[in-house]
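Biologist: I have a new structure to get to know, and I would love a patient guide. Could we go through it together, one question at a time?

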Amino acid sequence: LEALPENERIALGAPLLHDPLRAVRAAAGRAFATMSPSALAAADRAAASAALQEWIAGQQQNRDQPWAHVNLGLLHADRGERAAAEAAYRTALRLDPRAVQARVNLADLWRADGDDARGEALLREGLTVDPRAADVRHALGLALVRLGRRDEGIAELQRVADEHPDNARFAYVYGIALSSSGAPDRAFAVRDAALLRHPFDGDILYALAPMLRDTGEVARAVPYAERLVQIDPSARALLDELRRAGR
């Protein structure tokens, strides 16, 4: 529901706020947590508030678990409650220093404040706790690139992409870093290799087709666009453009 436009979210989700099952009501309440109450009818508005409180109560019942505080942190962050989000992530890390999502989310919270240096320290601390924490290393690589230490950052992104070839996102981001550093050929090779493992990954396909188009290799771009249309019909415009250019 959270990914839908507001009118569709209301049409499909509002009835779930009144579901007899608490788990359903609570999940719907979380999905409506960032929507302005004025967008809902009065009865749904009251139900959304009550359902969200049920969702929060469910997290608090598991307050000895780091993931519950991560969930609360995400809620606070989505609602712009920065201090509460930070407190929730810190609690998760106090319960378990290996709580990867809490560490990454807290670093990202500081990134939004323009404090990547603080995030770097937090992420490096996480790697001393668990050197195999792939998401932490990935976040560190991105932070280093933003801090202007591109070579260091790309090295971290390459390491995590090489160590976790089944994660398409790692390869995609590593390719972006290579492309932005002036190494388009290496970027293409990384993404194309990743596509062998993830033949219908939308992010990679969306990167490869325009990249080839922009370098004048339209004929090579068409098969990628054709595959992309199979998973995203809105890519039809890109495919039609490439076919016209290739005539």
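**A conversation about charges, cover and contacts**

Modeller: Let's begin with one side chain: Arg-111 has a relative accessible area of 32%, so Arg-111 is partly exposed. Please keep in mind that this is a predicted model.

Biologist: Thanks! Which residue does the side chain of Arg-111 meet in a salt bridge?

Modeller: Look within helix H6, where Arg-111 has a partner three residues apart, about one turn of the helix. That partner counts as partly exposed, because its relative accessibility is 39%. The N to O distance of the salt bridge is 2.7 Å, and the partner is Asp-108.

Biologist: Why can two such side chains pair at all?

Modeller: Good question to ask early on. Side chains of opposite charge can pair because their charged atoms can come close.

Biologist: Which residues are joined into one network by salt bridges that share partners?

Modeller: Here the salt bridges have partners in common, so to speak, and five names belong together. The network is made of Arg-82, Glu-86, Arg-90, Asp-113 and Arg-118.

Biologist: Let's take Glu-86 from that list. Is Glu-86 buried or exposed?

Modeller: Glu-86 sits in helix H5, which covers residues 82-95. Buried means under 20% relative accessible area. Glu-86 has 12%, so Glu-86 counts as buried.

Biologist: Which residues does Glu-86 touch, not counting residues up to four places away in sequence?

Modeller: Leaving out those sequence neighbours, there are four names to find in the picture. Glu-86 touches Leu-106, Leu-109, Trp-110 and Arg-118.

Biologist: How many residues apart are Glu-86 and Arg-118?

Modeller: The side chains of Glu-86 and Arg-118 meet in a salt bridge, at 3.8 Å from N to O. This pair links distant parts of the chain, with Glu-86 in helix H5 and Arg-118 in helix H7 (residues 116-129), and the separation is 32 residues.

Biologist: And is Arg-118 buried, partly exposed or exposed?

Modeller: The range from 20% up to 50% lies between buried and exposed. Arg-118 has a relative accessible area of 36%, so Arg-118 is partly exposed.

Biologist: Which residue forms a salt bridge with Arg-103?

Modeller: The closest N and O atoms of this pair are 2.7 Å apart, and the partner of Arg-103 is Glu-125. Arg-103 lies in helix H6 (residues 100-112) and Glu-125 in helix H7, so the salt bridge ties together parts that are 22 residues apart in sequence. Arg-103 counts as buried at 3% relative accessibility, whereas the partner, at 44%, counts as partly exposed: that is Glu-125.

Biologist: How many salt bridges does a search of the whole structure find?

Modeller: For background, the protein chain has 32 positive and 35 negative side chains, and the centres of the two sets lie 1 Å apart. The search of the whole structure gives a total of 23 salt bridges.

Biologist: Let's leave charges. Which residues make the nonpolar surface patch of about 240 Å²?

Modeller: One member comes in the segment before helix H1 (6-13), and that is Leu-1. Leu-1 has a relative accessible area of 33%, so Leu-1 is partly exposed. The patch is made by Leu-1, Leu-12 and Leu-16.

Biologist: Now two glutamines. Is Gln-59 buried or exposed?

Modeller: Gln-59 is found in helix H3, residues 42-61. Not counting residues up to four places away in sequence, Gln-59 touches Trp-67, Ala-68, Asn-71 and Leu-72. With a relative accessible area of 8%, Gln-59 is buried.

Biologist: And is Gln-230 buried or exposed?

Modeller: Gln-230 is found in helix H13, residues 218-231. Exposed means over 50% relative accessible area. Gln-230 has 60% relative accessibility, so Gln-230 counts as exposed.

Biologist: Stepping back, how many helices and strands does the protein chain have?

Modeller: Read along the sequence, the pattern is written with α at each step. The count for the protein chain is 14 helices and zero strands.

Biologist: Last one: what percentage of the residues count as buried?

Modeller: The C-alpha atoms fill a box of roughly 60 × 45 × 30 Å along the principal axes. The accessible surface comes to about 13000 Å², of which 51% belongs to carbon and sulfur atoms. Of the 247 residues of the protein chain, the buried share is 43%.

Definitions and conventions: Residues numbered from 1 in each chain as written. Predicted model: local features only at pLDDT ≥ 70, side-chain atom pairs only at ≥ 80, totals over all residues. Heavy atoms only, no water. Helix = DSSP H or I, 4+ residues; strand = E, 2+ residues; numbered from the N terminus. Buried < 20%, exposed > 50% of the residue type's maximum accessible area, 1.4 Å probe, protein only. Areas by Shrake-Rupley, 256 points an atom, 1.4 Å probe, with all protein chains shown as cover. Lys, Arg positive; Asp, Glu negative; His and termini not counted. Charge placed at Lys NZ, Arg CZ, Asp CG, Glu CD. Patch = residues over 30% accessible without salt bridge, like charges linked within 9 Å, V, L, I, M, F, W, Y side chains within 5 Å. Salt bridge = Lys/Arg side-chain N within 4 Å of Asp/Glu carboxyl O. Contact = heavy atoms within 4.5 Å.
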